[in-house]
Amino acid sequence: TLFEPKAPPPLTAEDKRRIEKERRAKARQDFEDKIMADLPPREPFSWKKLGRQLAVQLILMAAVMTYFHFVMRPKLADQIKEAEALHRQEEAAKLAEATSFPFSEDGSEDDVAELGPSSEF
């Protein structure tokens, strides 16, 4: 009849791709809106804020380096000196044990034969 709406023309492949692309874009935008809903709105970039942040970081780094140089470095140097002295003492004790000649208690040289021939003689 004259008053019945005409059937829409069949969708072409290009129309289907366009509709699918729009649907995906809308779904992506809805997803991003849902995630960003809890976050505060973005602020525009500010060189002033960046400069402040860099200044704070430089000041903190300088303070830490100064603390390390004047406080921690002397403590570490003392610990290293103590460790080296202890190491030298242990090495001297080992050397003293290694060079001591094992004689028996009565003074005889029976234990010397157990050592084997010496390269010094």
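A salt bridge is a side-chain nitrogen of Lys or Arg within 4 Å of a carboxyl oxygen of Asp or Glu. Asp15, Arg18 and Glu22 are linked in a network of such salt bridges. The model that shows this is predicted, so local features need pLDDT of at least 70 and side-chain atom pairs count only at pLDDT 80 or more, while totals for chains, interfaces and linings use all residues. Residues are numbered from 1 along each chain as its sequence is written, and side-chain values use heavy atoms, with hydrogens and water left out.

The chain as a whole comes next. It contains three helices and zero strands, and along the sequence the pattern reads α-α-α. Helices (H or I, at least four residues) and strands (E, at least two) are DSSP runs, numbered from the N terminus. The chain has 121 residues, of which 2% count as buried. Buried means under 20% relative accessible area, exposed means over 50%, and partly exposed lies in between (1.4 Å probe, protein chains only). The accessible surface of the chain is about 12,300 Å², with 62% of that belonging to carbon and sulfur atoms. Accessible areas come from the Shrake-Rupley method with a 1.4 Å probe, and for residues only the protein chains shown count as cover.

Helix α1 covers residues 13–36, and several charged pairs can be followed along this helix. Side chains of opposite charge can pair when their charged atoms come close. The structure holds six salt bridges. One of them joins Asp15 to Arg18, with the closest N and O atoms 3.9 Å apart. These two residues are three residues apart in helix α1, so about one helical turn separates Asp15 from Arg18. Asp15 is partly exposed at a relative accessible area of 26%, and Arg18 is also partly exposed, at 42%.

Further along the sequence, Glu20 forms a salt bridge with Arg24, and here the closest N and O atoms are 3.2 Å apart. Both residues belong to helix α1 and are four residues apart, about one turn of the helix. Arg24 is exposed, with a relative accessible area of 54%, whereas Glu20 is partly exposed at 29%.

Another salt bridge links Lys26 and Asp30, whose closest N and O atoms are 3.2 Å apart. Lys26 and Asp30 are four residues apart in helix α1 and therefore separated by about one helical turn. Lys26 counts as exposed at 51% relative accessibility, while Asp30 counts as partly exposed at 40%.

Helix α1 also holds Ile35, which takes part in a nonpolar surface patch. This patch of about 400 Å² is made by Phe31, Ile35, Met36 and Leu39. Patches are made of residues with over 30% relative accessible area and no salt bridge, where like charges are joined within 9 Å and nonpolar side chains (Val, Leu, Ile, Met, Phe, Trp, Tyr) within 5 Å. Ile35 has a relative accessible area of 45% and is therefore partly exposed.

The last feature concerns aromatic rings. A search of the whole structure finds one aromatic pair. Phe45 and Trp47 form this pair, which is edge-to-face, with 5.1 Å from centre to centre and 85° between the planes. Rings of Phe, Tyr and Trp (its six-membered ring) pair if their centres lie within 6.5 Å; planes under 30 degrees apart count as stacked, over 60 as edge-to-face and the rest as tilted. Phe45 and Trp47 are both exposed.
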